[in-house]
There are 2 protein chains.
Amino acid sequence: VSPTRPCIGVFDSGFGGLTVLRALLDRLPNADFVYLGDTARLPYGTKSPETITRYTEQALRFVQQHGAEMLVVACNTASALALPALGPTAIPVLGVIQPGAEAASTAAPEGSTALILATEATVQSHAYARACADHGLQTFEKACPLFVPLVEEGWTDTAVTEQVADIYLREALDSLAAPPAAIVLGCTHYPLLRALLTRRVAALGLPIPIVDAAEATAQRALAAVPHAGDRSHRPQHIAFFATDSAAKFQRLGPRFLHREIEAVTLVDLDA
Amino acid sequence: VSPTRPCIGVFDSGFGGLTVLRALLDRLPNADFVYLGDTARLPYGTKSPETITRYTEQALRFVQQHGAEMLVVACNTASALALPALGPTAIPVLGVIQPGAEAASTAAPEGSTALILATEATVQSHAYARACADHGLQTFEKACPLFVPLVEEGWTDTAVTEQVADIYLREALDSLAAPPAAIVLGCTHYPLLRALLTRRVAALGLPIPIVDAAEATAQRALAAVPHAGDRSHRPQHIAFFATDSAAKFQRLGPRFLHREIEAVTLVDLDA
């Protein structure tokens, strides 16, 4: 919108990546944003690396055409599978897994174990395990398949979700010889369970820090585009695009973004 | 396999349709089966009617090529969206929604209300409401988005699932002036929750019959291919095909089918 103001593209398979956009909005007040949710083709978790790489290349072209000078891939699956396969790109591309692993290594001492909470697809990719290993961290990756539907039901603070969290945490702890030194929220939906998880971890008597990959990614984006962190009195401009289900995006999105979503434009990436 | 023995094709977006296959195996002992799970392209709930119709046409051709003389569409979304759009077909095609509505109308008196439990996509299609209206039944369609992931976690008999069921049943009952006269399990995964739901409905003090669309569909298939119901001493032959994730199919499928799945062949319907 302004020639001197940076524009950052954010790409996710759906609206979960809005938690990453929220972290970016907080840390980059002097930037505008283009958010693309590929809602027509989610979930990515069941698709092949080749297909997900093709989708990510389409998203990259799309946000470039809309003026972005950087792409943040907010989707864990795309970060895990497409980023290693992308060739040289015209603008920088940042995923969520490397920053998440880096933040875990800051919170947990070298040689200790980080507990990664993620979807089944992200766990099966072992992308966090590899990224954490690069920082000298052990990992235990725990799939929490009920967390996404619980968040989408809006049950982020209910007794049912507390019990599910207790079961998942207990299953993970039972598999580990010692408590983990950090817990990583390795899915875009999980920041909405942060308060609940913090309570349940405390209830277990374990003062384990909880690391949010979204927060860590926003910090890395700021390092890449430092003047986006300048103070600004002009409101940030956000253009929202989705490939399907714009109504659901507009209805559920505000829970993730913590602000209203006025308009979502439907786009066809194959066209 | 035998030239005189009927072969029936069963099609679903995943492995949930194995509950329909199970009902078919029980009622049609003198039939062989071809099961096709389109696991690469699930879920169908977020896709357009045109796309789902195209997928269903591909499935129809596939099971015909494998000798089926009838196709049972076990997927509620495909039954709702594709069946009305299919032109004349070379073999009969049977969905799950019409039989489910018919069974509800047998269990509930004319003019009464049936409670339909289903996924959000099936609820939004209002296919059960239309089909039940044809039988003089009112409906209240209740989306239960946590039931599928709870079943896939294997939590079909846990306190958490009981609480989720209680919340969904209570929300539905609170929206109705009088208790429903029947409850329809309008999703292929829900028969695995039948025992739990029966208990929770009884705990509410309401003797409401629970109707299973899978059972009703098997009855209709038997009416269409009567000699498939003949006694047979030869074991039924089942060929399993999936478009992706054969391992998950083989691992979770037996919970739905109540028998082992020895081999799943990967196929590409687009090829």
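The carboxylate residue A:D212 is buried, at 9% relative accessibility (buried means under 20% relative accessible area, exposed over 50% and partly exposed in between, with a 1.4 Å probe and protein chains only). In this predicted model, local features need pLDDT of at least 70 and side-chain atom pairs count only at pLDDT 80 or more, whereas totals for chains, interfaces and linings use all residues; side-chain values use heavy atoms, with hydrogens and water left out. Residues are numbered from 1 along each chain as its sequence is written, and chains are lettered from A and ligands numbered from 1 in the order in which they are written.

The side chain of A:D212 meets that of A:R194 in a salt bridge, at 3.9 Å from N to O (a salt bridge is a side-chain nitrogen of Lys or Arg within 4 Å of a carboxyl oxygen of Asp or Glu). This pair links distant parts of the chain, 18 residues apart, with A:R194 in helix 9 (residues 194-203) and A:D212 in strand 8 (residues 210-212) of chain A. Helices (H or I, at least four residues) and strands (E, at least two) are DSSP runs, numbered from the N terminus. Unlike the buried A:D212, A:R194 is partly exposed at 30% relative accessibility.

Over all chains, the count comes to 28 salt bridges. One of them joins A:D32 to A:R5, with the closest N and O atoms 3.6 Å apart. Here A:D32 belongs to strand 2 (residues 32-37) of chain A, while A:R5 sits in the segment before strand 1 (7-12) of chain A, 27 residues away in the chain. Both partners are buried: A:D32 has 2% relative accessibility, and A:R5 has 5%. Another salt bridge pairs A:E215 with A:R27, the closest N and O atoms being 3.2 Å apart. Because A:E215 lies in helix 10 (residues 213-224) and A:R27 in helix 1 (residues 18-27) of chain A, this pair ties together parts that are 188 residues apart in sequence. A:E215 is partly exposed, with a relative accessible area of 28%, and A:R27 is also partly exposed, at 31%. Salt bridges also form a network, which links A:D157, A:E162, A:D166, A:R199 and A:R200.

A histidine is worth a look next. A:H189 is found in the loop between strand 7 (182-185) and helix 9 of chain A, and is buried at 8% relative accessibility. Its side chain is joined to that of A:E152 by a polar contact of 2.8 Å (a polar contact is a pair of N or O atoms within 3.5 Å; within protein, one must be able to donate a hydrogen and the other to accept it, and residues adjacent in sequence count only if both atoms are side-chain atoms). Leaving aside neighbours within four places in sequence, the residues in contact with A:H189 are A:F15, A:G16, A:V148, A:V151, A:E152 and A:F256, where contact means heavy atoms within 4.5 Å.

In chain B, helix 1 (residues 18-27) is mostly covered, with eight of its ten residues buried. These are B:L18, B:T19, B:V20, B:L21, B:R22, B:A23, B:L24 and B:L25. Their packing partners in chain B are strand 1 (7-12), strand 2 (32-37), strand 3 (71-73), helix 10 (213-224), strand 9 (238-242) and helix 11 (246-257).

Between the two chains, 17 residues of chain B are in contact with 17 residues of chain A. The area buried between them is about 1,700 Å², of which carbon and sulfur atoms give 59% (buried area is the accessible area, with a 1.4 Å probe, that two parts lose on being put together, summed over both). On the chain B side, B:T46, B:L146 and B:W155 lose the most area to chain A, together 29% of what that side buries. The interface holds two salt bridges, including one between B:R251 and A:E120 with the closest N and O atoms 3.5 Å apart. Five residue pairs, both members at pLDDT 80 or more, are in polar contact between the chains. Helix 7 (147-152) and helix 8 (159-174) of chain B are the elements that give two or more residues to the side touching chain A, and helix 8 provides the largest share, five residues.

Finally, the whole structure contains zero disulfides (a disulfide is a pair of cysteine sulfur atoms within 2.5 Å). The sulfur of A:C75 is 8.9 Å from the closest cysteine sulfur, in A:C187, and therefore too far for a bond; A:C75 is buried, with a relative accessible area of 4%.
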